[in-house]
Amino acid sequence: MADINNPVVYTQEVKKRISDFLERPDLKSSDWGVDEIQDIRKIIRNYYRNLTKKCFYCRNEISLRSVKNCHLEHIIPKSEYVCFMFEPKNLCVICSDCNEIKNNKEVAGTLEKVVKGKKTLIQYPRSSNRFLVVHPHFDDYEEHIRKIGDIYVDLSTKGSYTIHICELNRKLHKYGMESMALTRSELFDLFNEIMNSDNYTREMMLMNRLKDYFIRSS
């Protein structure tokens, strides 16, 4: 089941303000941060924060009240399609680390595509198969990515691409295996993952993780 089955619904008043905002002839993606629409951002953030209670990409905690670790994410970047800036199905909440990684790529112009095809979008895509990444409104995260402790294992092409874009194995790359302790349930999950894996690369990665665990525990 997708994380979000009921997108945020705007009141008629908010819809009118959004419509007027989007019709500005000089509208640019950076206008998303202006004080004039701060209350609308708050409505959207609080709705998705209360609904999902975690970062969609890394599944780690987000802040309960502060905006500093609960950022509004545009799945299709607003720099690419400013018209989808307020599209309810284009929005979710993510943590500061995932937000910074994607923002840095967006500023540098290196953020990878998230939608299939080369045609310019007129309407927001309405199905999972149009997206290259795991989508919070269309996809079941667990069918695409397996999180074992701080390790993220791809279960599909979408999962692999999402792990790559958001650099989800960043802790592993930065600190190595030694920094990541496993709980008993995570160790059990790791055994199951190895036994059921049909992907050699993923199996070797998990075996190395298991080997490291026993070396440190001995």
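## A tour by salt bridges, helix α4 and surface

Begin by selecting Asp-20 and Lys-16, which form a salt bridge whose closest N and O atoms are 2.8 Å apart; a salt bridge is here a side-chain nitrogen of Lys or Arg within 4 Å of a carboxyl oxygen of Asp or Glu. The model is a predicted one, in which local features need pLDDT of at least 70 and side-chain atom pairs count only at pLDDT 80 or more, while totals for chains, interfaces and linings use all residues. Residues are numbered from 1 along each chain as its sequence is written, and side-chain values use heavy atoms, with hydrogens and water left out.

Asp-20 and Lys-16 are four residues apart in helix α1 (residues 12–22), and are therefore separated by about one helical turn. Helices (H or I, at least four residues) and strands (E, at least two) are DSSP runs, numbered from the N terminus. Asp-20 has a relative accessibility of 38% and counts as partly exposed, where buried means under 20% relative accessible area, exposed means over 50%, and partly exposed lies in between (1.4 Å probe, protein chains only).

**The loop after α1**

Next select Arg-24 and Glu-36, whose side chains meet in a salt bridge with an N to O distance of 2.5 Å. Both residues lie in the loop between α1 and α2 (38–52), so the pair ties together parts that are twelve residues apart in sequence. Arg-24 is partly exposed at 30% relative accessibility, and Glu-36 is also partly exposed, at 45%.

Then go to Lys-53, in the loop between α2 and β1 (71–74). Most residues other than glycine have a negative phi, but the phi of Lys-53 is positive, near 65°. With a relative accessibility of 58%, Lys-53 counts as exposed.

**From β3 to α5**

Select Asp-150 and Lys-171, a salt bridge in which the closest N and O atoms are 3.1 Å apart. This pair links distant parts of the chain, since Asp-150 is in the loop between β3 and β4 and Lys-171 is in helix α5, 21 residues apart. Asp-150 is partly exposed, with a relative accessible area of 22%, and Lys-171 is partly exposed as well, with 34%.

**Helix α4 and its cover**

Now display helix α4 (residues 157–166) and highlight its buried residues, which are Lys-158, Gly-159, Thr-162, Ile-163, Ile-165 and Cys-166. Looking down the axis of α4, you will find these buried residues within an arc of 165°, so they line one face of the helix; the arc is that of the directions from the helix axis to the C-beta atoms. Add the elements that cover them, which include α3 (96–108), β3 (145–148), β4 (151–154) and α5 (170–175).

Directly after α4 comes Glu-167, in the loop between α4 and α5. Glu-167 is not a glycine, yet its phi is positive, at about 50°, and the residue is partly exposed, with a relative accessible area of 38%. Keep Glu-167 selected and add Lys-105 and Glu-112, because these three residues are linked in a network of salt bridges. Side chains of opposite charge can pair when their charged atoms come close. By the cut-off given at the start, the count comes to eleven salt bridges.

**A nonpolar patch on α7**

Turn to the surface and select Tyr-200, Met-204 and Met-207, which make a nonpolar patch of about 310 Å². Patches are made of residues with over 30% relative accessible area and no salt bridge, like charges being joined within 9 Å and nonpolar side chains (Val, Leu, Ile, Met, Phe, Trp, Tyr) within 5 Å. Met-204 lies in helix α7 (residues 200–217) and is partly exposed, with a relative accessible area of 31%.

**The whole chain**

Finally, zoom out and colour by secondary structure, which comes to seven helices and four strands, running α-α-β-β-α-β-β-α-α-α-α from the N terminus on. Taken along the principal axes, the C-alpha atoms fill a box of roughly 65 × 40 × 35 Å. Of the 218 residues, 44% are buried. The accessible surface comes to about 12500 Å², of which 52% belongs to carbon and sulfur atoms; accessible areas come from the Shrake-Rupley method with a 1.4 Å probe, and for residues only the protein chains shown count as cover. Among contacts (heavy atoms within 4.5 Å) between residues at least 6 apart in sequence, 61% join residues at least 24 apart.
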